[in-house]
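Please follow this walk through the model with the sequence at hand. It goes from single residues to a helix and then to the ligand.

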Amino acid sequence: MASRPTIVTTVPALRRAVEPFWHAGERLALVPTMGALHRGHLALVREAKRRAKRVVVSIFVNPTQFAPNEDFSSYPRPIKNDIATLTDAKVDLVWAPSPEVMYPDSFATKIEPAGAAKAGLEDKFRPHFFGGVATVVAKLFTQTAPDFALFGQKDYQQLRVVTQMAKDLDLPLKVIGIPTVREKDGLALSSRNVYLSAAERNVAPLLYRVLKAAATRIKKGDAIGPVLDVARIEIDLAGFSLDYLEARHALTLAPIASRKDGPIRLLVAAKMGKTRLIDNIGV
Ligand code: PAJ
């Protein structure tokens with residue numbers, strides 16, 4: 001049986017745990033998560049282990065990236081299962097601070113992302129989100145001082161915003177994006193999929209099927225606008241309430257009107273009942 005990773009819950013304990021890695025010159029990779037771990041998170045851990053001798057996984061359901069009406073209090077927190085999963089995955093360290101450790105009463109500083117990567121898409125529907133994510137991720141980066149930090153392409157805009165932040169702040173680490181892990185029927189794995197009823201779960205894979213079909217048509221030369229119009233109707237008819245379906249430049253996330261303007265990423269967010277799903281695909 002693999003031995004349990006060291007679990008630390010305070011900043012000084014985290015320092016004591018990572019300092020030997022730094023001093024030994026061992027590469028360290030960080031996988032930030034909010035727990036409720038699934039195969040998507042584990043793909044990040046696997047790549048982290050491939051790149052670095054030491055791996056730290058953070059588990060922190062970050063209150064500042066949830067709006068008051070969102071699912072912060074009901075977000076799944078199966079900590080025992082998560083520790084067992086990370087034991088099997090042979091990670092070195094689990095960083096699991098409480099909200100009070102991360103945000104003591106005196107806490108007053110915030111990172112405010114801006115620019116094309118942050119504009120629109122998720123930011124239009126969750127305006128608090130990227131400020132919360134950037135601030136907590138910046139803290140996780142300085143707390144653990146990793147050589148690599150791994151993020152999923154599942155949250156594509158988050159990956160681009162964090163990459164931009166690391167560049168802008170000259171943070172001495174490499175942000176790496178990992179392809180989305182999916183169920184057999186195409187649904188992107190997400191900790192929030194547990195909210196779907198059986199009937200909703202049956203319909204949910206349509207989102208990725210529509211994305212794939214749209215990407216194929218754009219690749220073949222069809223105009224982006226009409227392709228996305230048809231896709232939006234298909235998503236509506238399936239019973240989703242669509243927040244957005246857009247084509248963006250795959251790296252800058254600037255709006256894009258034609259294939260010749262650069263590599264394209266299609267990004268979608270839609271609600272199925274009370275569950276909000278997001279997904280994306282490269283063209
Ligand atoms: P969480 O939703 O737990 O996701 C943690 C990481 O796992 C993110 O980088 C996310 O993109 C990645 N991930 C989730 N589902 C995936 C899938 N199906 N395939 C591949 N990767 C997947 O994203 C967050 O937490 C938070 O915003 C966080 C970055 C931890 C900051 O609080």
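The side chains of aspartate 243 and lysine 271 are joined by a polar contact of 3.3 Å. The model in which this pair is found is a predicted one. Aspartate 243 belongs to strand β7, which covers residues 241–249. Its relative accessible area is 15%, and because buried means under 20%, aspartate 243 counts as buried. Setting aside neighbours within four places in sequence, aspartate 243 is in contact with Phe125, Ala269, Ala270, Lys271 and Arg276. Lys271 is thus both one of these contacts and the partner in the polar pair.

Asparagine 193 is the next stop. This residue sits in the loop between β6 and α8 (198–203). At 13% relative accessibility, asparagine 193 is also classed as buried. A polar atom of its side chain lies 3.0 Å from the backbone oxygen of alanine 188. Beyond four places in sequence, the contacts of asparagine 193 are Leu187, Ala188 and Leu277. Leucine 277 is 84 residues away along the chain, yet the C-alpha atoms of asparagine 193 and leucine 277 are separated by 8.1 Å.

Another asparagine, at position 62, is placed in the loop between β3 and α3. What is its relative accessibility, and how is it classed? The value is 1%, and asparagine 62 counts as buried. The side chain of asparagine 62 reaches the backbone oxygen of glycine 132 at 3.1 Å. Gly132 also appears among the residues that asparagine 62 touches, along with Met34, Phe72, Tyr103, Val133 and Val136, when residues up to four places away in sequence are not counted. Helix α6 spans residues 129–144, and the loop before it, between α5 (122–125) and α6, holds proline 127. Proline 127 is exposed, with a relative accessible area of 57%. From C-alpha to C-alpha, proline 127 lies 9.7 Å from phenylalanine 66, although 61 residues separate the two in sequence.

Two loop residues stand out by their backbone angles. Alanine 36 is not a glycine but has a positive phi of about 50°. Aspartate 170, likewise a residue other than glycine, has a positive phi near 50°. Are they buried or exposed? Alanine 36, in the loop between β2 and α2, counts as buried at 11% relative accessibility. Aspartate 170, in the loop between α7 (156–168) and β6, is exposed, with a relative accessible area of 66%.

The loop with alanine 36 leads to α2. This helix runs over residues 39–51; its 13 residues reach 18 Å from the first C-alpha to the last, close to the 18 Å expected at 1.5 Å a residue. Gly40, His41, Ala43, Leu44, Val45, Glu47 and Ala48 are buried in α2. An α-helix has 3.6 residues a turn, so residues three or four places apart point the same way. The buried residues of α2 pack against three strands listed with their ranges as β2 (28–33), β3 (54–59) and β5 (148–152), and also against β6 (174–178) and the helix α3 (79–88).

Helix α2 also takes part in the surroundings of the ligand. It gives three residues to the shell there, the largest share. Which residues of the shell come nearest to the ligand? Of the 20 residues around it, these are Gln65, Gly152, Asp155, Gln158 and Val181. Three of them have polar atoms close to ligand oxygens. A backbone N or O atom of glycine 152 lies 2.9 Å from an oxygen atom of the ligand. For aspartate 155, a polar side-chain atom is 2.6 Å from a ligand oxygen, and for glutamine 158 the corresponding distance, again from a polar side-chain atom, is 2.7 Å. Taken alone, the ligand exposes 630 Å², and the protein buries 95% of that. The elements giving two or more residues to the shell are β2, α2, α6 and β5. By class, the shell is made up of nine nonpolar, nine polar and two charged residues.

Notes
Residues numbered from 1 in each chain as written. Predicted model: local features only at pLDDT ≥ 70, side-chain atom pairs only at ≥ 80, totals over all residues. Heavy atoms only, no water. Helix = DSSP H or I, 4+ residues; strand = E, 2+ residues; numbered from the N terminus. Expected span 1.5 Å × (residues − 1). Buried < 20%, exposed > 50% of the residue type's maximum accessible area, 1.4 Å probe, protein only. Contact = heavy atoms within 4.5 Å. Near = heavy atom within 4 Å. Polar contact = N/O pair within 3.5 Å; in protein donor to acceptor, adjacent residues only side chain to side chain. Areas by Shrake-Rupley, 256 points an atom, 1.4 Å probe, with all protein chains shown as cover. Nonpolar A, V, L, I, M, F, W, Y, C, P; charged D, E, K, R; others polar.
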